[in-house]
Amino acid sequence: MMKRCFTSADILLPDFRAVPAESWAVVACDQFTSEPEYWEKADALVGDKPSTLRTILPEVYLSETEKRIPVINQTMNAYLSNCLISHKNSQIYVERTQSDGSVRRGIVLAVDLEAYDYRRGAASLIRATEATVLERIPPRVAIRRGASIELPHVMLLIDDPEHTVIEPLLAKSCPEVAYEFDLMLDGGHIKGAWIGEAEQERIAKALDNLITPLQMEKRYGDASLPALLFAVGDGNHSLASAKALYEEIKNEIGAEAAASHPARYALCEIVNIHDPALAFEPIYRVMFGVDPEDVLSKLSAYVSALCGDAEAQRLDYVFGKQTGTLTVERPEQQLTVGTLQQFIDEYLRTHEGAEVDYIHGEASVKALASKEHAIGFLFDGMGKDQLFRTVIYDGALPRKTFSMGHATDKRYYLECRKIK
């Protein structure tokens, strides 16, 4: 049997009878990066109460990294001494009520960073879904290097159309509640319950089954494909930073000692990509500083020369008051956005002054494309059933391929784990 890339963890939580849960949990650090007022409100709500806000660096404050990191590390150590309680060999079943009232379900557990590779073309059990920007890793490693605990906002996806892993927990009650409360600043509601040993073993076997040759053949048409169990949905750069620090530690102490080092693992929440509450939204493209007619001419020539065997794709374009459609008859990429992005990247390299922006919402695309020297592209979003197939066949997706939920619905920091 293939070695498992996941495990239970010694999860740390405060005693919520003494620590207000609403103040403890804070949204992921990479949200509201242009809205310091959001983080100022969070700061006011927390005050002097224990909070994960004091153990993270919101990216809106990245320019203050050098000043903030020592304080963060001191706070982590203080919480380990007087706030956090260890729950050995644990997993948590999570129900998250989102801003639209839907409930997203997941399981908090640890994954083995030896089985994670964010490079394009990776064949590991845990892979990135979008291109990793290497420049974003060192600042995050610097934050993690002195940290005694980790707090996950990473969400990993599983491709479980038959709902065999997480959903059976609905029918089997987890009676011991770990926490339940409203999340701050319109974050919805969250409930977590401890998963018993028998259920943990059932979950493990169900995860094992997702990557058997039979299942790989059934879902992706080829039993010989390298198995993909977890695809990163949110927090890829955080997971990549955890991997980078682990590799750094392994180089320092050697592979044998690193094999049992706590930094080898990372705490994550796994979610079924087929969960109805999990919504994928396309991220469109608008090009600026260009001659729209020239872009269309070169794009038409580009797609006409493709000789792939993926299904035909449709690209709608708009500039000024003009609209139209291009059909890609023989695309080489599985996704329309992949075909378009490859063209845009090449166009930008050869046309000085040309730029691209990544836009949510058709109305915004049309408004921006109505300006001079601009053209917008609209296309069908990626279906949930396409994600794993595309990562398996094409590697990591182009950057900004899809968005997964609104900012307030992102994972909040809540559970912790020692990493040194």
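1. A good place to start is the largest cavity: 25 residues line it, and Ile143, Arg144, Leu151, Ser238 and Tyr413 lie nearest its centre. A cavity here is a set of points on a 1 Å grid over the protein atoms alone where a 1.4 Å probe fits but cannot get out, and lining residues have an atom within 4 Å of a point.

2. Please keep in mind that this is a predicted model, with local features needing pLDDT of at least 70, side-chain atom pairs counting only at pLDDT 80 or more, and totals for chains, interfaces and linings using all residues. Residues are numbered from 1 along each chain as its sequence is written, and side-chain values use heavy atoms, leaving out hydrogens and water.

3. Helix α8 (236–253) gives the largest share of that lining, four residues. Along with α8, the elements α4 (137–145), β9 (149–150) and β14 (265–272) each supply at least two residues. Helices (H or I, at least four residues) and strands (E, at least two) are DSSP runs, numbered from the N terminus.

4. Now to strand β20 (residues 374–378): five of its five residues are buried, so the strand is largely enclosed by the rest of the structure. Buried means under 20% relative accessible area (1.4 Å probe, protein chains only). Ala374, Gly376 and Leu378 cover one side, with Ile375 and Phe377 on the other.

5. Do look at the neighbours of β20 too. Strand β16 (residues 284–288) pairs with β20 in the antiparallel sense over four bridges, and β17 (residues 313–319) runs antiparallel to β20 with three bridges. Pairing requires at least two DSSP bridges between two strands. Gly376 stands opposite Val286 and is also the bridge partner of Val318.

Note on methods
Buried means under 20% relative accessible area, exposed over 50%, partly exposed in between (1.4 Å probe, protein chains only). On a 1 Å grid over the protein atoms alone, a cavity is a set of points where a 1.4 Å probe fits but cannot get out, and a pocket is an open set with protein on both sides within 12 Å along at least five of seven lines; lining residues have an atom within 4 Å of a point.
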